[in-house]
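Here are a few friendly notes to read with the structure open beside you. Take them one at a time and find each residue as you go.

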Amino acid sequence: MYEVLLNPNFEEAKDFVERNLSRSLITILAECEILYEGRAFSKASSSRRLIIVKADGSVIVHEGTKREPINWQPPGSIIEVSIESGVFRIKAVRKRPKEKLEILASRVFFITSSVVEEGNFILVGSEKDEVDLVISKPELIEEGFKPLQKEYNTPYGKIDLLGKDNKGNYIVLEFKRSKATLQAVSQLYRYVMYFRERDQLVRGILVAPGISENALNLLSRLGLEYVDLRNIIDFTNCGRHIVTLPNSTRNQAQEISQRGL
């Protein structure tokens, strides 16, 4: 499943990388310089860096801080390793657009190879996923709710989801992926007033996984409503909700997104 090579010489490092390149994820801690030529030009002076080489041709070089790599090459790059002029060289070449990344290591501290597999991916719910879920199951809001349009434009912004109840009243739904605050209530109220100013019968519902006490009090005073997402969507132990949608649901959501009133 994994191999570790400590303080290898360059011949050992070259053999290890070549042997595992097409089947494993490789990590290398090395003292190295980096040269890049392509859409721009860059050179990074010698420093200790972590190099990640994937079987799909991806190459990523990290330093000790920040999330983003200092250099990288995308999947599909052609990777070669060699020993030249007293350095261990890793070269990653991309043909379109033409780019070349060279890593010149003066010392290799360790190399690992690991078999890393793809697992099932579950999206930790975004507001868009929450909207799509309600579109697929309108009864989660209330019986008789009919979704009409996603991202309905108003002068005050886009309404997440507009629909009607079983009495024909408009329902404005404002979704939040975290605990709702006074700002969320004010935003919902502006959307509701947009319809009331046009003599439309309308209700406003805030949908969120929790709400502050002040926000709930203001919601009540303004005659607005609240649906707790925790009652309709499963939550993980970390307090974030998980939404999984089949393709048919996403297609339905897309149709509603494109439909006008």
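1. Which residues does Phe88 touch, not counting residues up to four places away in sequence? Keep in mind that this is a predicted model. Phe88 touches Phe10, Ala13, Lys14 and Val17, then Val81 and Ser82, and finally Ile103, Leu104, Ala105 and Val108.

2. Now step back to the surroundings of Phe88. The largest nonpolar core has 26 residues, and Phe88 is listed with Val17, Ile28, Ile51, Val59, Val108 and Ile111 as having the most contacts inside it. Elements giving two or more residues to this core include α1 (10-20), β7 (87-94) and β8 (99-114). The largest share, six residues, comes from β2.

3. There is another core to find, lying apart from that one. This other core has 22 residues, among them Tyr194, Val202, Ile211 and Leu218.

4. Tyr194 also belongs to an aromatic cluster, together with Tyr152, Tyr156, Tyr170 and Phe195. The ring centres of Tyr156 and Tyr194 are 6.5 Å apart and their planes meet at 80°, so this pair is edge-to-face. Tyr156 sits in the loop between β9 (146-154) and β10 (157-164), while Tyr194 is in helix α3 (residues 182-196), 38 residues apart.

5. Is each partner buried or partly exposed? Tyr156 counts as partly exposed at 40% relative accessibility, whereas Tyr194 is buried at 13%.

6. Finally, look for charges over rings. The charged end of Lys164 sits over the ring of Tyr170, 4.8 Å from its centre. Arg48 lies over the face of Phe109, at 4.3 Å from the ring centre.

How values were computed. Residues are numbered from 1 along each chain as its sequence is written. This is a predicted model: local features need pLDDT of at least 70, side-chain atom pairs count only at pLDDT 80 or more; totals for chains, interfaces and linings use all residues. Side-chain values use heavy atoms; hydrogens and water are left out. A nonpolar core is a set of buried Ala, Val, Leu, Ile, Met, Phe, Trp, Tyr and Cys residues joined through side-chain atoms within 4.5 Å. Buried means under 20% relative accessible area, exposed over 50%, partly exposed in between (1.4 Å probe, protein chains only). Helices (H or I, at least four residues) and strands (E, at least two) are DSSP runs, numbered from the N terminus. Contact means heavy atoms within 4.5 Å. Rings of Phe, Tyr and Trp (its six-membered ring) pair if their centres lie within 6.5 Å; planes under 30 degrees apart count as stacked, over 60 as edge-to-face and the rest as tilted. A charge sits over a ring if NZ of Lys or CZ of Arg is within 6 Å of the ring centre and within 35 degrees of the ring normal.
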